Structures are given as structure tokens and as C-alpha cells.
Amino acid sequence: VVLTVVPERRMVRVPDVGGQSIRTARTAITDAELTVGETRSRFDDLRPPYIVLEQTPAAGAEVEPGTAVNLVVNQD
């Protein structure tokens, strides 16, 4: 009998950074052992500038440490 032990993959939860400033969002992402991925801009005149409008993967998703979180930020 051969027994192979495979370590369980460690997963982390993606924080909800929607509505946060880009600076606060970056800190939350790196504190969660993730990386900030592509950051794009879009204009929404109903929201303040430099606020995160969207994120991918979504908040609450379980991902591997080091996964990139892409952001869409309201431009000035």
C-alpha cells in the first residue's frame, strides 16, 4: 500500500474594496496576501474620484495567495 499525502491548498478570501479609495484598496489587497493587478479608469459623475468602482475577482471569492485583483477606479 502506497499512501501519498497531498497538502491542502491554502486559500484566502478576496476583500471587498468597492467604494474604497485606491490607496485603501491596495492596502487591503496586499494585507490579504494578494497582489494588485491591472488598474483601469472609468468616469462616473455620481461617485468621488479615485474610488474603486469594480473589482475582479469578486469580493468574498476564495483564491490562492498571490492572485491578482484587477480594479476599475473612478477617474478625476
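In this predicted model, R42 and E54 form a salt bridge whose closest N and O atoms are 2.4 Å apart. The two residues belong to distant parts of the chain: R42 sits in strand β2 and E54 in strand β3 (residues 52-56), 12 residues apart. Both ends of the bridge are partly exposed, with a relative accessible area of 36% for R42 and 37% for E54.

R42 also leads to N74, a residue in strand β5 (residues 68-74). N74 touches R42, F43, D44, R47, P48, P49, Y50, I51 and L53, leaving aside residues up to four places away in sequence. One of these partners, D44, has its backbone nitrogen 2.6 Å from a polar atom of the N74 side chain. The relative accessible area of N74 is 1%, and N74 therefore counts as buried, the limit being under 20%.

The bridge between R42 and E54 belongs to a count of five salt bridges. Another joins the side chains of E33 and R10, at 2.6 Å from N to O. This pair, too, links distant parts of the chain, 23 residues apart: E33 is in the loop between α1 (22-31) and β2 (35-42), while R10 is in the segment before β1 (12-13). E33 is partly exposed at 41% relative accessibility, and R10 is partly exposed at 47%.

A further salt bridge connects the side chains of R40 and E38, with an N to O distance of 3.4 Å. R40 has a relative accessibility of 46% and counts as partly exposed; E38, at 47%, is likewise partly exposed.

Key. Residues are numbered from 1 along each chain as its sequence is written. This is a predicted model: local features need pLDDT of at least 70, side-chain atom pairs count only at pLDDT 80 or more; totals for chains, interfaces and linings use all residues. Side-chain values use heavy atoms; hydrogens and water are left out. Helices (H or I, at least four residues) and strands (E, at least two) are DSSP runs, numbered from the N terminus. Buried means under 20% relative accessible area, exposed over 50%, partly exposed in between (1.4 Å probe, protein chains only). A polar contact is a pair of N or O atoms within 3.5 Å; within protein, one must be able to donate a hydrogen and the other to accept it, and residues adjacent in sequence count only if both atoms are side-chain atoms. Contact means heavy atoms within 4.5 Å. A salt bridge is a side-chain nitrogen of Lys or Arg within 4 Å of a carboxyl oxygen of Asp or Glu.
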